[in-house]
Amino acid sequence: MTTGVGIGTSLFLIAVGAILYFAVNADISGLDISTVGIILMVVGVIGLLISLFFLSEWRRRSRAPVDERPVTRDRGDYY
(Lines give C-alpha, C1' and ligand atoms only; values in the text may rest on other atoms or scores of the structure.)
Protein backbone atom coordinates (compact mmCIF):
# COMPACT_ATOMS: atom_id res chain seq x y z
CA MET A 1 0.00 0.00 0.00
CA THR A 2 1.33 3.37 -0.96
CA THR A 3 1.55 5.74 1.97
CA GLY A 4 -0.21 8.62 0.21
CA VAL A 5 -3.12 6.38 -0.67
CA GLY A 6 -3.20 5.03 2.88
CA ILE A 7 -3.35 8.49 4.40
CA GLY A 8 -6.04 9.61 1.95
CA THR A 9 -8.14 6.52 2.53
CA SER A 10 -7.80 6.87 6.29
CA LEU A 11 -8.91 10.49 6.21
CA PHE A 12 -11.85 9.53 3.99
CA LEU A 13 -12.93 6.80 6.44
CA ILE A 14 -12.67 9.21 9.37
CA ALA A 15 -14.77 11.81 7.52
CA VAL A 16 -17.47 9.33 6.46
CA GLY A 17 -17.57 7.86 9.97
CA ALA A 18 -17.94 11.31 11.53
CA ILE A 19 -20.76 12.17 9.14
CA LEU A 20 -22.57 8.94 9.94
CA TYR A 21 -22.07 9.38 13.67
CA PHE A 22 -22.84 13.08 14.07
CA ALA A 23 -25.10 14.04 11.14
CA VAL A 24 -27.25 11.07 10.13
CA ASN A 25 -30.39 10.33 12.13
CA ALA A 26 -31.83 7.54 9.97
CA ASP A 27 -33.23 4.34 11.44
CA ILE A 28 -32.46 1.12 9.61
CA SER A 29 -33.81 -2.17 10.88
CA GLY A 30 -30.99 -4.25 12.34
CA LEU A 31 -28.29 -1.60 11.80
CA ASP A 32 -27.20 1.21 14.08
CA ILE A 33 -25.77 4.01 11.90
CA SER A 34 -23.91 5.66 14.78
CA THR A 35 -22.12 2.39 15.57
CA VAL A 36 -21.06 2.05 11.93
CA GLY A 37 -19.77 5.65 12.11
CA ILE A 38 -17.70 4.92 15.20
CA ILE A 39 -16.27 1.76 13.62
CA LEU A 40 -15.28 3.67 10.46
CA MET A 41 -13.62 6.41 12.51
CA VAL A 42 -11.65 3.89 14.58
CA VAL A 43 -10.52 1.98 11.48
CA GLY A 44 -9.54 5.29 9.84
CA VAL A 45 -7.48 6.38 12.83
CA ILE A 46 -5.72 3.01 13.01
CA GLY A 47 -4.97 3.15 9.27
CA LEU A 48 -3.67 6.70 9.61
CA LEU A 49 -1.33 5.72 12.45
CA ILE A 50 -0.02 2.74 10.48
CA SER A 51 0.52 4.88 7.37
CA LEU A 52 2.37 7.54 9.34
CA PHE A 53 4.54 4.88 10.98
CA PHE A 54 5.54 3.43 7.61
CA LEU A 55 6.16 6.93 6.25
CA SER A 56 8.51 7.74 9.12
CA GLU A 57 10.34 4.41 8.66
CA TRP A 58 10.75 5.06 4.93
CA ARG A 59 12.09 8.56 5.54
CA ARG A 60 14.54 7.27 8.13
CA ARG A 61 15.91 4.63 5.75
CA SER A 62 16.12 6.90 2.72
CA ARG A 63 18.21 9.46 4.59
CA ALA A 64 20.97 7.12 5.66
CA PRO A 65 24.34 8.83 5.73
CA VAL A 66 26.49 8.20 2.68
CA ASP A 67 30.23 8.02 3.07
CA GLU A 68 31.54 10.11 0.18
CA ARG A 69 35.26 10.02 -0.39
CA PRO A 70 37.07 11.80 -3.17
CA VAL A 71 38.51 9.52 -5.80
CA THR A 72 42.04 10.27 -6.93
CA ARG A 73 43.66 8.63 -9.91
CA ASP A 74 47.27 8.39 -10.80
CA ARG A 75 47.76 9.86 -14.28
CA GLY A 76 50.62 7.48 -14.98
CA ASP A 77 48.29 4.49 -15.38
CA TYR A 78 46.52 5.87 -18.49
CA TYR A 79 49.45 6.12 -20.94
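This report walks through one predicted model, from the whole chain down to a few residues.

**The chain as a whole**

Let's start with the overall picture. The protein chain has 79 residues, and 15% of them count as buried. Its secondary structure consists of 2 helices and 0 strands. Helix H1 spans 3–22 and helix H2 spans 33–62. When you look at contacts between residues at least 6 apart in sequence, 62% of them join residues at least 24 apart. The surface that the chain exposes comes to about 6,800 Å², with carbon and sulfur atoms supplying 63% of that area.

**A nonpolar patch on the surface**

Now turn to the outside of the model. Tyr-21, Phe-22, Ile-38, Val-42, Ile-46, Ile-50, Phe-53 and Phe-54 make up a nonpolar surface patch of about 800 Å². Both helices take part, since H1 and H2 each supply at least two residues of this patch. Helix H2 gives the largest share, with 6 residues.

**An aromatic pair within the patch**

Two members of the patch, Tyr-21 and Phe-22, are also partners in an aromatic pair. The model holds 2 aromatic pairs by the rule used here, and the one between Tyr-21 and Phe-22 is edge-to-face. A pair of aromatic rings is described by the distance of the centres and the angle of the planes. For Tyr-21 and Phe-22, the centres are 4.7 Å apart and the planes meet at 80°. That angle is over 60 degrees, so the pair counts as edge-to-face rather than stacked or tilted.

**A buried serine between the helices**

Helix H1 also contains Ser-10, as well as Phe-22. Is Ser-10 buried or exposed? Its relative accessible area is 5%, so Ser-10 falls under the 20% limit and counts as buried. Leaving aside residues up to four places away in sequence, Ser-10 touches Gly-44, Gly-47 and Leu-48. There is a polar approach here too: a polar atom of the Ser-10 side chain lies 3.1 Å from the backbone nitrogen of Leu-48.

**Three residues side by side**

The table sets out the accessibility of three residues discussed above.

| Residue | Relative accessible area | Class |
|---|---|---|
| Ser-10 | 5% | buried |
| Tyr-21 | 34% | partly exposed |
| Phe-22 | 63% | exposed |

Phe-22 is exposed because its 63% lies over the 50% limit, while Tyr-21, at 34%, is partly exposed.

Conventions: Residues numbered from 1 in each chain as written. Predicted model: local features only at pLDDT ≥ 70, side-chain atom pairs only at ≥ 80, totals over all residues. Heavy atoms only, no water. Helix = DSSP H or I, 4+ residues; strand = E, 2+ residues; numbered from the N terminus. Buried < 20%, exposed > 50% of the residue type's maximum accessible area, 1.4 Å probe, protein only. Contact = heavy atoms within 4.5 Å. Areas by Shrake-Rupley, 256 points an atom, 1.4 Å probe, with all protein chains shown as cover. Phe/Tyr/Trp six-rings, centres within 6.5 Å; stacked < 30°, edge-to-face > 60°. Patch = residues over 30% accessible without salt bridge, like charges linked within 9 Å, V, L, I, M, F, W, Y side chains within 5 Å. Salt bridge = Lys/Arg side-chain N within 4 Å of Asp/Glu carboxyl O. Polar contact = N/O pair within 3.5 Å; in protein donor to acceptor, adjacent residues only side chain to side chain.
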